[in-house]
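This briefing goes through two chains in turn, beginning with overall form and then moving to individual elements and residues. Please keep the sequence and the structure in view while reading.

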Amino acid sequence: MTRLINLFSSVKLFLTLSALMLAAFLLGGVIPQGEAPQAYQEMFGRVGGVWVLNLRLNGVFSSSWFLALMCGGALNILACTVKQWKLLKLRPGVFISHLAVMLMFIGGAVHGLFSVRGTLALEAGQAKGEFAGDAGEPVAMPFEILLKDFQIRYWDAEKHVIHALKKREDPGQDGEDLLESVEVEPGKDAHFNSTSAELSIIKFYPNFSIGSSGPVTVNEARENPALTLRLKDGKAGKTSYLFANHPDFHGVPDMGGIRYVYEYRPGRIKQFESRIAVLEGGVEKMEKLISVNSPAGYKGYRFYQSGYDAKNLNFSSIQVSKDPSVALIYAGFAALMIGLSWAFWKEMK
Amino acid sequence: MEISLKASFVFYGAAMAVTLLGFLFNKAWKFKYSVLALLAGWLSSTAHIGLRWAMAGRAPLSNQYESLIFLIWAFVAAYLLFKRFLGRSLDWLAPWTALVAVLSLGGASFLESDISPLVPALQSNWLLIHVSTVMTGYGALLLSFLGAVVFVFMGKAEPEDRRKSLESLIYRACLIGFWLLSMGIITGAVWANSAWGSYWSWDPKETWSLITWLYYAVAIHLRRTKGWKDRKFAGLMLWGFVLVMFTYFGVNYLMSGLHSYGRS
């Protein structure tokens, strides 16, 4: 037993394991992780790609050789701690620091064995009692989550700006000069002082398309923003379309060399938040507004606001996590900082 | 606000110029005034950070520009603190500290410096705690690196007390940097757990932070168990800071991940 402890507690083994861990971290840090097999063949050639897959370098941190390395590290620290238990009195800071790292290794193992994690995809008004695990498998919960409402808040709202451009009169010069830019609002009129033009902005299409009955918006995603407008000046009453992505297509008729161009400025998102409720047997047990950095918890499960769909503003993506290792890991964190503070304070003095 | 940063630049430049003039005219005051100019530059940087904080209504730590300004501030603060505790034996390092600060501020001027609103993931008090801890750690490790560079290229004719105080600075700055790096990784993990429900995701920034942390842990063990001191330890600090730089800059520009907003 003593020989075994001596073997596992040697500084040489620590340095060797550290070098191997550094190499593993470097491999995982340099080689893109979790890509499709074909991507590795494109990156490293046919033979290189096969080796990457065989050695699990495409998923270093979940490979069996990496887990074995971590176990080796944990054994090394455990043996050091057992062998050097007298350090508890002599150098308590060093002892506690090593104990902390061991605690984190144990936490990592608990995480790997018992934690569940995945994504709950909900639309407003929808309730679900299971979510999709990280590998895509359905994971049941002992209750249901109802998405009552989802909304996006902005630092500043989206803006619609129309620029009036005039062709340069000198035939030797190409291009246009900007006469004026006016911020417009759907449903309201806009006046251009420089051209004396009056535009009536009729409608905003976030994602314009031509449907069976005419112009429609495909969804709320701002993929092909367009404005319908009526130019009151000149050819009064004629409806025109302006497209932010295609400034030269279907523009307002040329008025004496003046062209109107639509610019869509998206709003900057401040926060997105879901109002969720926990249902047990159809009875509402809890309600909470969750947002990024502000999760909710119920019976060991935690719910985190993670995403939305620009094409469907009723949709909310919620991360679900049940991880019994968190307490162990946090205890390890606290012990590490106490141990390092204790050890370094003595050194600094 | 910008004037305070320009003033910092001028003061740090003056800290170098004063030393140069002192050497040319063989004046005893050369390092004393260099330290004073460095202190004035640091105070100007403090004012800059404070003003930017007030204008933005949040801690100025949300992008590469803001974090770099904070890192330089922490680095100069680390030098001034060490000088305060180790005494006049470190005066001569002031112009070198100023040189690093001037070069870094020059580099920061190429970065996007507009104040922009925070993306949802950064709207947390952890932003201040996590980024300031990591950047202060990097500042201390930069000081250890600077000491190591000077130590490695130091002539053998240098007085023994100067070598000793520099060696002490390299090790102690490394310990402080390592402590802060540990704290930074931990606060980052706690923040990640509260924002995304996972304290560790093997995101490139996390992985490279762990590489850096493990490297410095091995360096400290090599010193304590194998007696790697002086030039050997200085060599370790030189390579260690290469890792710090890659974790700080390289990962932002070469790899995408959860920390991608750090590059803006």
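Contact here means that heavy atoms lie within 4.5 Å. The model is a predicted one, and every value below was computed from it. On that footing, the buried residues of helix α6 of chain A pack against α4 (64-83), α5 (87-90) and α7 (326-348) of chain A, together with α7 (204-226) of chain B.

**Chain A as a whole**

- Chain A contains seven helices and 17 strands, and its C-alpha trace spans about 100 × 65 × 50 Å along the principal axes.
- The radius of gyration of chain A is 31 Å, whereas a compact globule of 349 residues would have one near 20 Å.
- Of the 349 residues of chain A, 41% count as buried, and the chain exposes about 18,700 Å², of which carbon and sulfur atoms supply 58%.
- When contacts in chain A between residues at least 6 apart in sequence are considered, 51% of them join residues at least 24 apart.
- Chain A carries 36 positive and 33 negative side chains, and the centres of these two sets lie 14 Å apart.

**Chain B as a whole**

- Chain B has eight helices and zero strands, so the pattern read along its sequence is α-α-α-α-α-α-α-α.
- The radius of gyration of chain B is 19 Å, close to the 18 Å that the globule rule gives for 264 residues, and chain B is therefore as compact as a globular protein of that length.
- The C-alpha trace of chain B spans about 60 × 50 × 30 Å along its principal axes, and 58% of its 264 residues count as buried.
- The accessible surface of chain B comes to about 11,200 Å², with 69% of it belonging to carbon and sulfur atoms.
- Among the contacts in chain B with a separation of 6 or more, residues 24 or more positions apart account for 78%.
- Chain B has 22 positive and 12 negative charges, and the mean positions of the two sets are 9 Å apart.

**Helix α6 of chain A**

- Helix α6 covers residues 92-114 of chain A, and because 23 residues at 1.5 Å a residue should span 33 Å, the 32 Å between its end C-alpha atoms agrees with the expected value.
- The buried residues of α6(A) include P92(A), G93(A), V94(A), F95(A), I96(A) and S97(A), and further along the helix A100(A), V101(A), M102(A), M104(A), G107(A) and V110(A).
- An α-helix has 3.6 residues a turn, so residues three or four places apart point the same way.

**Two strand residues of chain A**

- F143(A) lies in strand β3, residues 138-156 of chain A, and it counts as buried because its relative accessible area is 4%, under the 20% cut-off.
- Leaving aside neighbours within four places in sequence, F143(A) is in contact with K128(A), G129(A), V278(A), L279(A), E280(A), Y298(A), K299(A), Y301(A) and F303(A).
- F143(A) and A127(A), which are 16 residues apart in sequence, are 9.9 Å apart from C-alpha to C-alpha.
- A164(A) lies in strand β4, residues 159-167 of chain A, and with a relative accessibility of 0% it counts as buried.
- Not counting residues up to four places away in sequence, A164(A) touches D177(A), L178(A), L179(A), E180(A), F192(A), T195(A), I258(A), R259(A) and Y260(A).
- Although A164(A) and V261(A) are 97 residues apart along the chain, their C-alpha atoms are separated by 6.6 Å.

**Loop residues of chain A**

- R56(A), in the loop between α3 (37-54) and α4 of chain A, has a phi near 60 degrees, a positive value in a residue other than glycine, and at 33% relative accessibility it counts as partly exposed.
- N293(A), in the loop between β14 (283-291) and β15 (296-298) of chain A, has a positive phi of about 80 degrees although it is not a glycine, and at 15% relative accessibility it counts as buried.
- S213(A), in the loop between β8 (208-211) and β9 (214-217) of chain A, counts as exposed because its relative accessibility is 69%, over the 50% cut-off.
- The C-alpha atoms of S213(A) and G257(A) are separated by 33 Å, the two residues being 44 apart along the chain.

How values were computed. Residues numbered from 1 in each chain as written. Chains lettered and ligands numbered in written order. Predicted model: local features only at pLDDT ≥ 70, side-chain atom pairs only at ≥ 80, totals over all residues. Heavy atoms only, no water. Helix = DSSP H or I, 4+ residues; strand = E, 2+ residues; numbered from the N terminus. Rg over C-alpha atoms; globule rule 2.2 N^0.38 Å. Buried < 20%, exposed > 50% of the residue type's maximum accessible area, 1.4 Å probe, protein only. Areas by Shrake-Rupley, 256 points an atom, 1.4 Å probe, with all protein chains shown as cover. Lys, Arg positive; Asp, Glu negative; His and termini not counted. Charge placed at Lys NZ, Arg CZ, Asp CG, Glu CD. Expected span 1.5 Å × (residues − 1).
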